[in-house]
Amino acid sequence: MSLLEIKNLHASVNGNEILRGINLTVNAGEVHAIMGPNGSGKSTLAGVLAGREAYTVTDGQVLYKGNNLFDMVPEERAREGLFLAFQYPVEIPGVNNSYFLKESLNAIRKHKGLEQLDAIDFLALIKQKVKIVEMDESFLNRPVNEGFSGGEKKRNEIFHMAVLEPMLSILDETDSGLDIDALRIVSEGVNKLRSKENATIIVTHYQRLLNYIIPDVVHVMKDGRLVKSGGKELALELEDRGYDWVHEEAGQTV
Amino acid sequence: MNNETNTIEEFAAQEYKYGFVTDIEADSAPPGLNEDIIRLISSKKQEPVWLLEWRLKAFQHWQTMEEPHWQNIKYPPIDYQAIVYYSAPKQKPQLKDLSQVDPELLKTYDKLGIPLREQEWLAGVAVDAVFDSVSVATTFKEKLKELGIIFGSFSDAVHEHPDLVKKYLGSVVPANDNYFAALNSAVFSDGSFCFIPKGVRCPMELSTYFRINASSTGQFERTLIVAEEGAQVSYLEGCTAPMRDKNQLHAAVVELVALDNAKIKYSTVQNWYPGDKEGRGGIYNFVTKRGKCAGVNSKISWTQVETGSAITWKYPSVLLIGDSSVGEFYSVAVVNNYQQADTGTKMIHIGKNTKSTIVSKGISAGHGQNSYRGLVEMKKGAVNARNYSQCDSLLLGDKCGAHTFPYIEVKNTSAKAEHEATTSKIGDDQIFYCKQRGLSAEDAVNLIVNGFCKEVFRELPMEFAVEAQKLLGVSLEGSVG
Ligand SMILES: Nc1ncnc2c1ncn2[C@@H]1O[C@H](COP(=O)(O)OP(=O)(O)OP(=O)(O)O)[C@@H](O)[C@H]1O
Ligand SMILES: [Mg+2]
């Protein structure tokens with residue numbers, strides 16, 4: 001059974017169809033990259049998978065761990081291990097970052113029937129995890145994303161991912177806004193979190209990221225469809241030639 | 001999925017958690033208000049003549065006054081002749097320990113989650129439990145007595161320390177101060193009295209749990225706290241009330257007096273019955289709370305978390321008379337469904353170098369209307385007086401309202417007042433972000449709201465802060481889908 005199976009997915013916003021028949025299968029252990037021009041629907045796909053209310057699914061099916069994803073409310077998807085690193089992480093004033101994560105982790109643990117972590121165990125855990133993304137501990141006690149720089153917000157998303165240990169992570173342009181060192185550190189962090197059991201979908205505009213996180217498959221999204229797929233060389237070719245030359249391959253599925 | 005739906009339904013069905021009526025026989029006066037009723041109250045309580053005269057004078061004043069209507073709140077006319085002004089649970093007058101307390105009453109406290117016994121033995125909190133206007137249990141009295149601290153019911157204080165009561169009663173809130181204060185002065189039933197002598201720091205938080213019970217009984221509590229030179233005390237007031245279908249008037253008066261270098265911290269978690277989802281029933285909470293920083297370097301700090309009542313109308317204030325005295329007001333006011341709150345503070349700077357801080361957090365949900373009304377006044381003699389005010393409003397949904405009415409009067413050129421105000425909404429993107437991290441909508445709202453209130457909650461004593469957070473969660477249940 002595949003971790004994620006998307007079949008002929010159509011979705012619209014305010015009556016405008018954005019996703020027009022997405023087909024994608026992601027197995028445990030894999031890393032998929034999705035590239036494509038601005039406005040092609042990459043964030044929309046991520047949002048539909050995570051359960052953002054603004055989108056209406058008009059056709060198609062998504063199976064997550066063999067179950068209908070759309071039967072689950074957003075928080076349930078999260079508790080079942082679906083994680084979205086936001087393109088624009090949201091600020092929550094006054095709410096301590098580590099407190100937020102503790103509530104989050106315990107909600108997930110409760111769902112899994114695991115016992116709640118107390119403050120002491122949790123602190124020990126996050127002190128380990130914060131090292132994975134080489135984030136300063138001072139960020140633990142600041143309000144969630146409030147006043148964080150663009151790059152710091154992105155790094156914080158991967159820190160959340162490290163703590164929550166999701167099955168399927170969708171990283172929406174996590175690389176944009178990261179400086180050269182941060183890009184390397186965050187990528188290495190993501191690599192450390194890779195395992196046979198989990199999978200990652202990386203949305204990016206830059207081949208550079210894929211030098212660090214080597215994808216198994218690269219997809220090109222255009223006008224709400226995945227029009228081409230290939231190995232990691234495809235990213236290089238795209239960087240070279242842009243998107244204009246890519247045309248939909250008939251019956252494209254992966 | 002099913003689990004999720006169930007939890008939300010349970011939450012929604014939960015409504016007012018503390019809604020139940022205790023079955024205790026009450027000894028009540030007939031409804032209505034006249035001099036005879038006041039004489040009855042006074043004689044039931046075996047009061048000295050001077051107090052009866054004080055009450056009667058207040059009543060005469062009240063008759064010449066008109067109910068104020070300048071607040072940003074709406075309610076049907078109150079029939080003062082339909083209210084019962086005296087009701088006491090039947091019991092022996094003197095109680096030495098809890099075994100003498102009516103077991104029905106103890107059960108009520110258990111339901112509220114505030115077992116007296118536990119409070120007494122575990123928490124180290126002395127509890128003066130006010131039940132239907134008459135104190136029925138006072139604990140830790142002996143221990144406090146050793147330090148010279150007087151803490152107990154107002155009625156006891158009238159008998160045991162008449163000079164102190166006479167000296168300070170009405171010294172901060174005069175009997176003719178305002179309509180509801182005058183009414184309270186005429187008919188007050190009981191309340192708490194607290195006196196901390198010179199140089200003594202009260203070693204424990206003092207607390208009183210208020211509770212309205214007998215049907216249609218107006219509550220007219222009277223609290224008086226005096227901290228002599230260098231004394232310090234932290235006082236907690238918290239309340240929950242049973243479900244009922246008739247509006248109930250609650251017009252309390254709280255007076256605080258701080259002499260030289262004294263500090264009084266007064267914290268309130270108010271959770272009177274707010275009415276049903278359509279706004280029926282619920283308590284009218286019209287309270288006069290005022291502190292007097294009479295001495296130099298004295299400090300009075302009000303912290304309040306207001307989640308209950310159909311209507312809340314209160315402005316805990318500080319008169320900053322002593323030089324370098326400090327007044328603080330930290331407030332969280334929540335309105336949901338059809339609740340209305342018009343609350344804020346008055347900081348009256350009279351002495352030199354006086355300082356005041358106001359932090360007000362208003363949360364509106366449903367059709368709730370929340371108004372902050374504050375007055376900062378710097379009198380002529382208030383050289384170098386300083387005020388900082390911050391009023392933040394948080395809106396949940398688009399049918400509720402937040403209003404801010406700050407009044408600043410500065411009559412001294414060296415004095416400065418600073419005012420900041422913000423209004424924000426809980427964003428769908430914030431809720432979604434929380435959900436994406438596994439939190440339910442309710443938890444998300446709780447988290448965001450508690451973050452918003454942080455500056456106020458950290459002023460509360462620890463265990464009270466936890467209670468306040470829970471209360472906020474219960475108050476806002478069902479406000480976001
Ligand atoms: N709420 C909305 N209302 C109207 N149009 C929307 C809305 N949300 C998204 N869209 C449109 O859907 C299209 C796809 O947007 P999406 O954010 O998925 O693109 P993207 O591939 O992630 O682009 P980028 O590379 O710039 O991040 C865009 O044309 C966008 O304007
Ligand atoms: Mg995008």
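Trainee: In chain B, what percentage of contacts between residues at least 6 apart in sequence join residues at least 24 apart?
Mentor: Bear in mind that this is a predicted model, where local features need pLDDT of at least 70, side-chain atom pairs count only at pLDDT 80 or more, and totals for chains, interfaces and linings use all residues. Residues are numbered from 1 along each chain as its sequence is written, chains are lettered from A and ligands numbered from 1 in the order in which they are written, and side-chain values use heavy atoms, with hydrogens and water left out. A contact here means heavy atoms within 4.5 Å. Among the chain B contacts that span at least 6 positions, the share joining residues at least 24 apart is 84%.

Trainee: And how much of chain B counts as buried?
Mentor: The chain's secondary structure comes to twelve helices and 23 strands (DSSP runs numbered from the N terminus: H or I of at least four residues for helices, E of at least two for strands). Buried means under 20% relative accessible area, exposed means over 50%, and partly exposed is in between, with a 1.4 Å probe and protein chains only. Of the 481 residues in chain B, the buried part is 61%.

Trainee: What share of the area chain B exposes do carbon and sulfur atoms supply?
Mentor: Accessible areas come from the Shrake-Rupley method with a 1.4 Å probe, and for residues only the protein chains shown count as cover. Chain B exposes about 18,900 Å². The carbon and sulfur share of that is 51%.

Trainee: Is Lys361(B) buried or exposed?
Mentor: Lys361(B) sits in strand β19 of chain B, residues 355-364. Its relative accessibility is 3%, so Lys361(B) counts as buried.

Trainee: Which side chain makes a polar contact with the side chain of Lys361(B)?
Mentor: A polar contact is a pair of N or O atoms within 3.5 Å; within protein, one must be able to donate a hydrogen and the other to accept it, and residues adjacent in sequence count only if both atoms are side-chain atoms. A polar side-chain atom of Lys361(B) is 3.3 Å from the backbone oxygen of Phe452(B). Beyond four places in sequence, Lys361(B) also has contacts that include Ser331(B), Gln390(B) and Asp392(B). The side-chain partner, at 2.7 Å, is Glu455(B).

Trainee: Which residue is 154 residues from Leu33(B) in sequence and 8.8 Å away, C-alpha to C-alpha?
Mentor: Leu33(B) is in the loop between β1 (26-28) and α2 (35-44) of chain B, and at 5% relative accessibility it counts as buried. Its contacts beyond four places in sequence include Phe59(B), Trp62(B), Tyr80(B) and Leu183(B). The residue at that C-alpha separation is Val187(B).

Trainee: Over in chain A, which residues coordinate the magnesium ion?
Mentor: Donors are N, O and S atoms within 2.8 Å of the metal (3.2 Å for Na, K and Ca), and water is not among the atoms, so sites may look incomplete. At 2.0 to 2.3 Å from the ion (ligand 2), the donor atoms are OG and OE1, and the residues supplying them are Ser43(A) and Gln87(A).

Trainee: Why does that pair tie together parts that are 44 residues apart in sequence?
Mentor: Gln87(A), with a relative accessible area of 17%, is buried, while Ser43(A), at 29%, counts as partly exposed. The two parts are tied together because Gln87(A) lies in the loop between β6 (82-85) and β7 (92-96), and Ser43(A) in helix α1.

Trainee: Which helix gives the largest share of the shell around ligand 1?
Mentor: A residue is near a molecule or strand if one of its heavy atoms lies within 4 Å of it. Of the 14 residues around ligand 1, the ones that come nearest are Gly39(A), Lys42(A), Ser43(A), Thr44(A) and His205(A). The largest share, three residues, comes from chain A's helix α1.

Trainee: How much of the accessible area of ligand 1 does the protein cover?
Mentor: A polar side-chain atom of Asn14(A) is 3.3 Å from a nitrogen atom of the ligand. Polar side-chain atoms also lie by ligand oxygen atoms, at 3.0 Å for Asn38(A) and 2.8 Å for His205(A). On its own, ligand 1 has 640 Å² of accessible area, and the protein covers 63%.

Trainee: Which backbone oxygen does the side chain of Lys129(A) reach?
Mentor: Lys129(A) is in helix α4 (residues 119-132) of chain A, and at 10% relative accessibility it counts as buried. At 3.2 Å, its side chain reaches the backbone oxygen of Ala162(A).
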